[in-house]
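Please look through the sequence and the model below before reading on. The paragraphs that follow begin with one strand and its partners and then turn to the nonpolar cores.

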Amino acid sequence: MPKTEHWQWYVEESAPTEQHHHAIERVYFEGRSQFQQVAVIGTPVFGKMLILDGDTQSSQGDEKIYHETLVHPAMAGAADRSEVLILGGGEGATLREVLRYSGTKRCTMVDIDGLVVELSKQHLPEWSDGAFDDPRARVIVGDALAFMRDDRDRYGVVISDLTEPLEDSPSNLLFNDGVFRLIKSRLADGGVYVLQASTASFHNYSLHCKMARTLRRHYAHVASFFTYVPAFDTDWAFLACSDRIDLATLGADAVDAYCGALRGDNFFYDSVTHRRLFSLPLYLRRALAATGDTF
Ligand code: SAM
């Protein structure tokens with residue numbers, strides 16, 4: 001391994017005074033799409049990484065931790081998994097995980113950025129692992145909000161795999177009370193809406209709590225869950241929303257039966273992991289229970 005001064009570094013900030021440095025072995029792509037700054041790099045520890053607007057989206061080394069966590073608890077708890085909608089999800093790994101369930105008849109993925117989808121096909125084929133060619137996949141390049149306003153279908157599972165809703169991000173307009181209401185109108189009875197819901201790090205969970213508080217207006221059950229994602233170097237949180245089921249209480253038998261029906265083996269998620277994902281530390285439970293900002 002070359003000495004550190006010979007490397008170029010990709011530096012991600014988790015706070016203005018905290019940084020994680022990834023050595024860059026190779027740059028596959030660096031440029032700007034119509035919507036965001038895009039980079040695909042190779043690193044010694046995490047392998048290939050997709051970076052949008054300076055934020056790591058996923059890495060070859062640990063993307064299964066993120067994508068299995070995003071997809072499978074929601075799929076395991078949904079009353080019907082035949083029709084699934086993914087908002088965002090450019091790399092195709094969320095699509096891959098959904099389509100491992102043979103009972104899913106169609107999975108629609110709507111990502112605004114055709115360049116991210118093309119670069120993922122070209123440089124990150126391990127992420128989608130053939131999912132883009134699955135006849136059950138319907139991949140639409142377009143704004144997820146515009147799609148949902150026109151679409152009249154209903155989905156047993158809606159998965160939001162969007163970028164962080166920062167001011168300049170194309171995802172910003174998808175995180176507000178009106179859009180949460182629109183998404184609910186697209187859910188079938190007994191359906192589950194799950195979203196990547198920002199960091200749950202001890203110093204930076206206010207956005208997560210704000211999302212949870214807003215979503216509680218719309219659903220009987222809004223369950224927070226989280227896991228450490230090594231490439232993000234932080235705890236990452238998710239929210240599972242449903243009127244039928246509190247996913248935190250989903251039993252081991254149901255999780256194992258669902259996982260047993262998937263094509264191939266899971267890397268991260270099973271009934272033991274499920275318990276861990278939904279076991280929140282006291283500081284986060286307190287923050288989620290407190291009153292505060294909403295969208
Ligand atoms: N794992 C990620 C994270 O931690 O933020 C999210 C992954 S995925 C790459 C995010 C995708 O959301 C991107 O491909 C981006 O193009 C897409 N996206 C952002 N805004 C969107 C919008 N308005 N409609 C559809 N897709 C959008």
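**A strand and its two partners**

In this predicted model, strand β10 (residues 155-161) lies parallel to β11, and the two are paired over 5 bridges. Within this pairing, the residue of β11 that stands opposite S160 is L195. Between the two strands the chain passes through helix α6 (residues 177-186), and this β-α-β crossover from β10 to β11 is right-handed.

Strand β11 also pairs with strand β13 (residues 234-242), here in the antiparallel sense and again through 5 bridges. In this second pairing, Q196 of β11 has F238 of β13 as its bridge partner. As for the surroundings of β11, which spans residues 187-199, 11 of its 13 residues are buried, and the strand is therefore largely enclosed by the rest of the structure.

**The nonpolar cores**

Which residues touch the most other members of the largest nonpolar core? Among the 42 residues of this core, they are M75, L95, V98 and I159. Helix α1 (residues 63-77) supplies the largest share of the core, namely 7 residues.

L95 can serve as a point from which to follow the contacts: when residues up to four places away in sequence are not counted, L95 touches I86, C107, M109, A131, F132, A137 and V139. Separate from this core is a second one of 35 residues, whose members include V110, V158, I183 and A237.

Note on methods
Residues are numbered from 1 along each chain as its sequence is written. This is a predicted model: local features need pLDDT of at least 70, side-chain atom pairs count only at pLDDT 80 or more; totals for chains, interfaces and linings use all residues. Side-chain values use heavy atoms; hydrogens and water are left out. Buried means under 20% relative accessible area, exposed over 50%, partly exposed in between (1.4 Å probe, protein chains only). Helices (H or I, at least four residues) and strands (E, at least two) are DSSP runs, numbered from the N terminus. Two strands pair if DSSP finds at least two bridges between them. A crossover is right-handed if, with the strands pointing away from the viewer, the path from the first strand over the helix to the second runs clockwise. A nonpolar core is a set of buried Ala, Val, Leu, Ile, Met, Phe, Trp, Tyr and Cys residues joined through side-chain atoms within 4.5 Å. Contact means heavy atoms within 4.5 Å.
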